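Me: I should like to go through this model and ask on what grounds each term is applied.
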Amino acid sequence: MTMRLIIYPPLRMSASIGSAAPQRSVWTLVMALHTGPKLVLAAMNHSVYSAATCHVSRDNRGTWEGRLTPHLASVTSLLALAELTSLMMVTVVPSVELYTIHILATGVFLVCSGLHMSLSCYIVR
């Protein structure tokens, strides 16, 4: 008995949006409206991260964790901003004309979002 596995190529979001002007305009508008609240959320998260890391640095001043932890709030907030910026680049930069920039922004988005989630979980543990 032989089983065959069919692997379909991943669907691109830009392919599902289409190249027609109304779809692209609506998608860009929705992403632009989505960006404002995400910026406010990033600023609020920075306050939470700073408050969560200040007590750790006071308790463990001599250890590596005590020296590194105060900087984690800033790094995590910068990763959130880089994630949001790269997501906007993926949305605005068309993959057909500027493929290299589109792929670079996608990679930055994936790396920054993974690191941001990991550091967020570490900080608020």
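Reply: Accessible areas are obtained by the Shrake-Rupley method with a 1.4 Å probe, and for residues only the protein chains shown count as cover. On that basis the accessible surface of the chain is about 8,900 Å², with 72% belonging to carbon and sulfur atoms. The model is predicted: local features need pLDDT of at least 70, side-chain atom pairs count only at pLDDT 80 or more, and totals for chains, interfaces and linings use all residues. Residues are numbered from 1 along each chain as its sequence is written, and side-chain values use heavy atoms, without hydrogens and water.

Me: Why does L78 count as exposed?
Reply: Exposed means over 50% relative accessible area, buried under 20%, and partly exposed in between (1.4 Å probe, protein chains only). L78 has 57% relative accessibility and therefore counts as exposed. This residue, L78, lies in helix 3.

Me: What makes the nonpolar surface patch of about 270 Å²?
Reply: L39, L78 and L81 make this patch. Patch residues have over 30% relative accessible area and no salt bridge (a side-chain nitrogen of Lys or Arg within 4 Å of a carboxyl oxygen of Asp or Glu). Nonpolar side chains (Val, Leu, Ile, Met, Phe, Trp, Tyr) are joined within 5 Å.

Me: Which residues is L72 in contact with, leaving aside its neighbours within four places in sequence?
Reply: Contact means heavy atoms within 4.5 Å. With those neighbours set aside, L72 is in contact with L119, Y122 and I123.

Notes:
Patch = residues over 30% accessible without salt bridge, like charges linked within 9 Å, V, L, I, M, F, W, Y side chains within 5 Å. Helix = DSSP H or I, 4+ residues; strand = E, 2+ residues; numbered from the N terminus.
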